[in-house]
Amino acid sequence: MIMNPNIVVAPPFPDGEIVNAFLIRVLRYGGSASLAKVCRQLLRRKPGLDGMPSYLGRFHQELGYLYGDLETLINKHTEFNFFACGLPQGRIAAQRARLIEAHSGPVRLCRLPLLFSVSENRYLQCPECEREQMREFGFTFIHRRHGAPFVNVCPIHGIKLRPSSGQEWLYDAKCQMSPNDYQKGMTIELGERIEQCMEKPAAQSKYHKDSVIRLLKTSGWIGDDGRFCEIKFCTEFAKYFAGAFADIRLEVLCQSERYIGHAARALLRFERALHPEWCVLFTWFAEHNPGPRQLSKKPLESSNLMPKQLVVRSSLPGKNAVEIEIGKRRTLTEAAAALGIATATLTTLCGRFDIPVSRRTKKLRPKLLAQIKAALENGKSLTEVAKECDVSISTAWRQRVISKSIPPSPEEVQAKHVAIAKQQWLSMIRSNPGASTTALRKMDGSVYMRLYRGDKAWLESNKPARIAHAVRSQTSLPASLILCLNEALADAAHVCTSPENKRVNISQYRLQKLSRVTPFALQKCEQKKLVDKREEDRRKFYLARILRLTGRPIKRGEFKASSLEESFARRPSGFAKEVGLREESVRKVLKTKKHK
């Protein structure tokens, strides 16, 4: 019986399964599991990233059309929605094009700083999720939510995830600590938020950078004038997430004001992109922490400036009541409040009843006048005089103008304040030797701004001397991550030289493959001499293999190869086969001549 070739049996492709995991599962049905081979033959590309593979257009043309259109493939089986949240609206189309077309460069348009990125192909698995998958589909698969960066706990079941490859990469393992209950709960919430970010398009997501900016404005971190409270935001952000995560990389990101500030400035610039992890963290923080601009806006019920409630009267007061209250009170406003009517209504009644009144006393009492003049001569401001003498600012100003004594002009008052600020500035410099101008400004910003506006030339000439610092790289990596990297590389070198395993060359490729640090990051760290250089040359590696065969340890300066030369001369092919090297390579190490 021959099957109809037009009948196509399409294996299931559940929502959330990544493309590379789907290809591997399909290949296993046919007895093969070479992802590189099928990507080369079917898609004409290398395997690429798991969550963000390129050339999806070719995959959809060959196989993906059986499961829906191209948009469904991108939204359901990639991390496109997650990474699009950190991009400006104008660059989302470019990110989508890199997924669909064959792109030779980086697929993702936003990445974390050096040594902070999670290793590629790092997908984890949850035992409970696998059991549910077996009951529902009859097979297990890798879900994209288990590749969320810095999330090693299942957001659904709260179980620690295990590596899908069987063994966790060395650098990731060194960066992860054992989480406590609080860190476990925070990691679960982080995983839930990232999964929401993956499932919803960026235009509808509350985690897109534009939505995050709107949330910061609503929560009071960005004022109506567009100014961002960056210093306080960075400080409060670090306090809120202190000790919240067990991954050292994420902990450093959330505690370093430098990284927080860089991410916040990238968020506010419309043309800049930032990693979506920051969008999730900023949204999380702003939802639970109102900014200073919002706290300063007190509700009307608790405001001291709330207008007094007037007493509701069924009828207007008569002439006698009006005369009595006016006689008791000093102003029409006070008399109107006592009668429970508006000031304008009281003025109208006074005109109706022919009661002589004036809105402002034409003459001040001698005692009050002397009090106002004394306060003005003492150099108090108009606001202070009006508050102390219980008069209006206009009244205080008129008395200053008509006073025989020359009142201090605004320029003289400003000069007095600038002189005081100069003494304070010099005192700050003497009290903090070695502090920079920026550090002094942070100590007392009002003094700096008064000098900047009042006498900028004096401020420029009296700034602290610049301290010549040693030239350093633009970015200094955290010591905790450098320590983790050194430990991971040491373990990788031990794996290469372990007696239990076959002796392999300690090359940069081998160290990178075992530790899963990007080649660029490893190369940069070696150039800056942040990590020990563990690569060995080929002659040393050949020698180590040969000496392992004889069971002798490597001793520098006293190696004698006479016995090995004799063994190699008797049977060169067999000797080379035993040590796993080419015959010519063994001859170069032992420096023996080839028999003619």
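In the predicted model, 41% of the 596 residues of the protein count as buried. The secondary structure amounts to 32 helices and two strands. Among contacts with a separation of 6 or more, 66% are accounted for by residues 24 or more positions apart.

Helix H1, which spans residues 19-29, has as its buried residues Val19, Asn20, Ala21, Phe22, Leu23, Arg25 and Leu27. These buried residues of H1 pack against three helices, namely H2 (35-43), H3 (56-62) and H4 (70-77).

A further helix contact involves H10 (residues 209-219) and H13 (residues 257-268), whose axes come within 9 Å and cross at roughly 105°. A crossing angle of 65 to 115 degrees counts as roughly perpendicular, and H10 and H13 are therefore assigned to that class. The contact is made by Lys209, Val212, Ile213 and Leu216 on the H10 side, and by Ala266, Leu267 and Leu268 on the H13 side. By class, the residues in the contact of H10 with H13 comprise six nonpolar, no polar and one charged. Within the residue range of H13, a charge is also placed over a ring: the charged end of Arg258 sits over the ring of Tyr259, at 4.5 Å from the ring centre.

Aromatic pairs in the structure number 27. One of them is formed by Phe139 and Phe141, with 6.2 Å from centre to centre and 55° between the planes, and this pair is tilted. Phe139 is buried, as its relative accessible area is 11%, and Phe141 is likewise buried, at 7%. For Phe233 and Phe285, the ring centres are 5.2 Å apart and the planes stand at 90°, so this pair is edge-to-face. Phe233 belongs to helix H11 (residues 230-240) and Phe285 to helix H14 (residues 276-288), so the pair ties together parts of the protein that are 52 residues apart in sequence. Phe233 and Phe285 are both buried.

The rings of Phe233 and Phe285 also belong to a cluster linked by ring pairs. The other members of this cluster are Trp221, Phe228, Phe237, Tyr240, Phe241, Phe245, Trp278, Phe282 and Trp284. Of these, Phe237 and Tyr240 fall within the residue range of H11, while Trp278, Phe282 and Trp284 fall within that of H14.

Backbone geometry was also examined in the loops. Most residues other than glycine have a negative phi. Asp390 has a positive phi, near 60°, and is not a glycine. Asp390 is located in the loop that joins helix H20 (382-389) and helix H21 (393-402). With a relative accessibility of 52%, Asp390 counts as exposed, because the cut-off for this class is over 50%.

Positive phi is also found at Arg516, where the value is about 65° and the residue is again not a glycine. Arg516 is placed in the loop between helix H27 (508-515) and helix H28 (519-527). The relative accessible area of Arg516 is 25%, and Arg516 is accordingly partly exposed.

Technical notes: Residues are numbered from 1 along each chain as its sequence is written. This is a predicted model: local features need pLDDT of at least 70, side-chain atom pairs count only at pLDDT 80 or more; totals for chains, interfaces and linings use all residues. Side-chain values use heavy atoms; hydrogens and water are left out. Axes are lines fitted to C-alpha atoms, for helices over the stretch in contact, and angles run from 0 to 180 degrees between N-to-C directions. Helices (H or I, at least four residues) and strands (E, at least two) are DSSP runs, numbered from the N terminus. Angles under 35 degrees count as roughly parallel, over 145 as roughly antiparallel, 65 to 115 as roughly perpendicular and the rest as oblique. Contact means heavy atoms within 4.5 Å. Ala, Val, Leu, Ile, Met, Phe, Trp, Tyr, Cys and Pro count as nonpolar, Asp, Glu, Lys and Arg as charged, and the others, Gly among them, as polar. Rings of Phe, Tyr and Trp (its six-membered ring) pair if their centres lie within 6.5 Å; planes under 30 degrees apart count as stacked, over 60 as edge-to-face and the rest as tilted. Buried means under 20% relative accessible area, exposed over 50%, partly exposed in between (1.4 Å probe, protein chains only). A charge sits over a ring if NZ of Lys or CZ of Arg is within 6 Å of the ring centre and within 35 degrees of the ring normal.
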